[in-house]
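Me: Please take a close look at a single helix in this structure and at what surrounds it. I would like one connected account rather than a list.

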Amino acid sequence: MTSEIILQYFPDLSTEQRAQFEKLPALYEHWNSQINVISRKDIDLLYERHVLHSLGVAKVMTFLPGENVLDVGTGGGFPGIPLAILFPETRFHLVDSIGKKIKVVTEVAAALGLKNVKASHARAEQIDDKFDFVVSRAVTQLKDFYPWVKGKFNKESNNKLPNGILYLKGGDLDQEIKESGLKVVQYHLKDYFKEEFFETKQVIYVKG
């Protein structure tokens, strides 16, 4: 699978962005052989299951220049790294409680020349800054996730949706949403991407 799948859905990439996306498989294969951040069976499907999945957030929200986005539990850099490539003028802070995963994020961001990525070995609760948006990919249940980031949002919103959470989740989420007690908006990725992988995948939006 090549980066063509990315161009199919995001045709307006600059030459530099295309080059950055094309470097991802070699970088992740290199680091994954030392520090396992992506399951072995998924590494061959990196573009579909990790890169394009991360970019599902971009189908819902176009981040603005100067906005600050926190990626909680980023693992090896998803969704933060692909989003940072797509939105070079938006600042991304990627955090994870596992130090070796943050090492991978730091190395990948450096190899790509991403100047808009900051990586921290920390839990979300330890980050004191304020953000416009929080992104994450299926780290935990919504009811547990929300308290980690509550109160971390800038008061003033400039984007089409008020500042808040954009959470990548899969499967039947009715019960999870109900248990969270949160008012959410569900965006189904099958409406944007035709691959079977996205059939049950969603971006969940929660106002901050």
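Reply: The model is predicted. The part chosen here is helix H5, which runs over residues 99–112. H5 has 14 residues, and its first and last C-alpha atoms lie 20 Å apart, close to the 20 Å expected at 1.5 Å a residue.

The buried residues of H5 are Ile102, Val104, Val105, Val108, Ala109 and Leu112. Viewed down the axis of H5, these buried residues fall within an arc of 150 degrees, so they line one face of the helix. On the other side of H5, Lys100 and Ala110 are exposed. The cover over the buried residues of H5 includes two helices, H2 (15–32) and H4 (80–86), and two strands, S2 (91–96) and S3 (117–121). Just after H5, Gly113 has a positive phi of about 70 degrees.

The two strands in that cover also belong with H5 in another way: S2, H5 and S3 make a right-handed β-α-β unit. S2 and S3 pair in the parallel sense, over five bridges. Within this pairing, Asp96 has His121 of S3 as its bridge partner.

Next comes the approach to S2. Thr90 sits in the loop between H4 and S2. Its relative accessible area is 1%, so Thr90 is buried, the cut-off being under 20%. Leaving aside residues up to four places away in sequence, Thr90 touches Phe63, Leu64, Pro65, Gly66, Glu67, Val69 and Asn116.

On the other side of H4 in sequence is the loop between strand S1 (68–72) and H4, where Pro79 is found. The peptide bond from Phe78 to Pro79 is cis, with omega near 10 degrees.

Another helix can be set beside H5. Helix H3 (residues 46–60) has 15 residues, which should span 21 Å at 1.5 Å a residue; the end C-alpha atoms of H3 are 21 Å apart, which agrees. H3 nevertheless bends by about 35 degrees at Leu52. H3 is mostly covered, with 13 of its 15 residues buried.

A further backbone detail lies in the loop between strand S4 (133–137) and helix H6 (142–149), which holds Ala138. Ala138 has a positive phi of about 45 degrees, although it is not a glycine. With a relative accessibility of 47%, Ala138 counts as partly exposed.

To return to H5: one face is lined by its buried residues, while Lys100 and Ala110 are exposed on the other side.

Conventions:
Residues are numbered from 1 along each chain as its sequence is written. This is a predicted model: local features need pLDDT of at least 70, side-chain atom pairs count only at pLDDT 80 or more; totals for chains, interfaces and linings use all residues. Side-chain values use heavy atoms; hydrogens and water are left out. Helices (H or I, at least four residues) and strands (E, at least two) are DSSP runs, numbered from the N terminus. The expected span of a helix is 1.5 Å times one less than its number of residues. Buried means under 20% relative accessible area, exposed over 50%, partly exposed in between (1.4 Å probe, protein chains only). The arc is that of the directions from the helix axis to the C-beta atoms. Contact means heavy atoms within 4.5 Å. The bend at a residue is the angle between axes fitted to the seven residues ending there and the seven starting there. Two strands pair if DSSP finds at least two bridges between them. A crossover is right-handed if, with the strands pointing away from the viewer, the path from the first strand over the helix to the second runs clockwise.
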